[in-house]
Amino acid sequence: MPADLHTRYIEAHRTWADHADDCDTCTPAQHACPQGARLWERFSRLQDAYLTHLRKKGAS
């Protein structure tokens, strides 16, 4: 699962970054349109999950 989680996290970041580059209202640091908000939310959730996994892995 961790490798899959990492892959999904990285892909979500790429998707968000591509959107931010092409969107007239979003910036790399802030979402400003509905699609950007959805992409940012997915990226944020996956990032949180991956970082939580790393913290738990380091604690064991």
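**Exercise 1.** Is R8 buried, partly exposed or exposed?

*Solution.* The structure is a predicted model, in which local features need pLDDT of at least 70 and side-chain atom pairs count only at pLDDT 80 or more, while totals for chains, interfaces and linings use all residues. Residues are numbered from 1 along each chain as its sequence is written, and side-chain values use heavy atoms, with hydrogens and water left out.

Step 1. The classes are set by relative accessible area: buried is under 20%, exposed is over 50%, and partly exposed lies in between (1.4 Å probe, protein chains only).

Step 2. R8 has a relative accessible area of 31%. R8 is therefore partly exposed.

**Exercise 2.** Determine with which residue R8 forms a salt bridge, and where the two residues lie.

*Solution.* Step 1. A salt bridge requires a side-chain nitrogen of Lys or Arg within 4 Å of a carboxyl oxygen of Asp or Glu.

Step 2. The partner of R8 is D4, and their closest N and O atoms are 3.3 Å apart.

Step 3. Both residues belong to helix 1 (residues 2–22), where they are 4 residues apart, about one turn of the helix. Helices here are DSSP runs of H or I with at least four residues, strands are runs of E with at least two, and both are numbered from the N terminus.

Step 4. D4 is also partly exposed, at 43% relative accessible area.

**Exercise 3.** State how many salt bridges the structure holds, and describe those formed by E11 and E41.

*Solution.* Step 1. The total is 3 salt bridges.

Step 2. E11 pairs with R14, with 3.8 Å between the closest N and O atoms. These two residues are 3 residues apart in helix 1, about one turn of the helix. E11 is partly exposed, with 42% relative accessibility.

Step 3. E41 pairs with R45 at 3.5 Å between the closest N and O atoms. Both lie in helix 2 (residues 34–59), 4 residues apart, about one turn of the helix. E41 is partly exposed at 41% relative accessibility, and R45 is partly exposed at 48%.

Step 4. In general, side chains of opposite charge can pair when their charged atoms come close.

**Exercise 4.** Describe the protein chain as a whole.

*Solution.* Step 1. The chain contains 2 helices and 0 strands.

Step 2. Its C-alpha atoms fill a box of roughly 45 × 15 × 15 Å along the principal axes.

Step 3. Of the 60 residues in the chain, 25% are buried.
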